[in-house]
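Work through the exercises below with the sequence and coordinates open. Try each task before reading its solution.

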Amino acid sequence: MENDTMFHFNFTMYVNIGSYRYPAFVVCFLVFAIIVSANVLIILVISLERTLHEPMYMFIAFLSVNSLFGCTGFFPRFLIDLQSDTHLISRPAC
């Protein structure tokens, strides 16, 4: 017998910050934008400048790619949760 009720998990790390959630959203969005633009700039400079095609600089470029994957996986959901009134996530979304 299949259970049709949807289970939800509550995010307990979020507290009610009231009227500060909009400034917090703006600050976190700016941090996200700075991280993405700085990493893209590093990748472009290293890939376009032929003298930087050495292992150390390629490693730095790959670290920037890794940072892009990490922040684009974390920040969009975090920004959505900052604006949300309820901090619930369904089991499939978890």
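The exercises below concern a predicted model.

**Exercise 1. Confidence**

Task: Find where in the chain confidence is lowest and where it is highest.

Solution:
- Start with the whole chain: the mean pLDDT is 83, and 73% of the residues reach 70 or more.
- Then go by element. Strand E1 (residues 8–10) has the lowest confidence, with a mean of 60.
- Helix H1 has the highest, at 95.

**Exercise 2. Annotated segments**

Task: Take the residue ranges that UniProt lists as "transmembrane region" and determine the helix and strand content of each.

Solution:
- The UniProt record, an unreviewed entry, puts this feature at residues 20–45 and 57–80.
- Residues 20–45 are 96% helix and 0% strand, with 37 Å between the end C-alpha atoms.
- Residues 57–80 are 100% helix and 0% strand, and here the end C-alpha atoms lie 35 Å apart.

**Exercise 3. The surroundings of Ser64**

Task: Decide whether Ser64 is buried or exposed, and identify what its side chain makes a polar contact with.

Solution:
- Locate the residue: Ser64 belongs to helix H2, which covers residues 55–83.
- Apply the cut-off: buried means under 20% relative accessible area. Ser64 has 4%, so it is buried.
- List the contacts, leaving out residues up to four places away in sequence: Ser64 touches Asn39, Ile42 and Ile43.
- Check for polar pairs: the side chains of Ser64 and Asn39 make a polar contact at 3.4 Å.

**Exercise 4. The largest nonpolar core**

Task: List the residues of the largest nonpolar core and find which element gives the most to it.

Solution:
- The core has seven residues, namely Cys28, Phe32, Cys71, Phe75, Phe78, Leu79 and Leu82.
- Two elements, helix H1 (21–48) and H2, each give two or more residues to this core.
- H2 gives the most, with five residues.
- Look at one member in detail: Leu82 touches Arg21, Ala24, Phe25 and Cys28, when residues up to four places away in sequence are not counted.

**Exercise 5. The core cysteines**

Task: Establish why Cys28 and Cys71 count as buried, and how many disulfides the whole structure has.

Solution:
- Use the cut-off of under 20% again. Cys28 has a relative accessibility of 18%, so Cys28 counts as buried.
- Cys71 counts as buried because its relative accessibility is 7%.
- Both cysteines are listed in the largest nonpolar core.
- A search of the whole structure for disulfides finds zero.

Definitions and conventions. Residues are numbered from 1 along each chain as its sequence is written. This is a predicted model: local features need pLDDT of at least 70, side-chain atom pairs count only at pLDDT 80 or more; totals for chains, interfaces and linings use all residues. Side-chain values use heavy atoms; hydrogens and water are left out. Helices (H or I, at least four residues) and strands (E, at least two) are DSSP runs, numbered from the N terminus. Buried means under 20% relative accessible area, exposed over 50%, partly exposed in between (1.4 Å probe, protein chains only). A polar contact is a pair of N or O atoms within 3.5 Å; within protein, one must be able to donate a hydrogen and the other to accept it, and residues adjacent in sequence count only if both atoms are side-chain atoms. Contact means heavy atoms within 4.5 Å. UniProt positions are given in the numbering used here, feature names are shortened, and annotations may be inferred rather than shown by experiment. A nonpolar core is a set of buried Ala, Val, Leu, Ile, Met, Phe, Trp, Tyr and Cys residues joined through side-chain atoms within 4.5 Å. A disulfide is a pair of cysteine sulfur atoms within 2.5 Å. pLDDT is the predictor's confidence in each residue, from 0 to 100.
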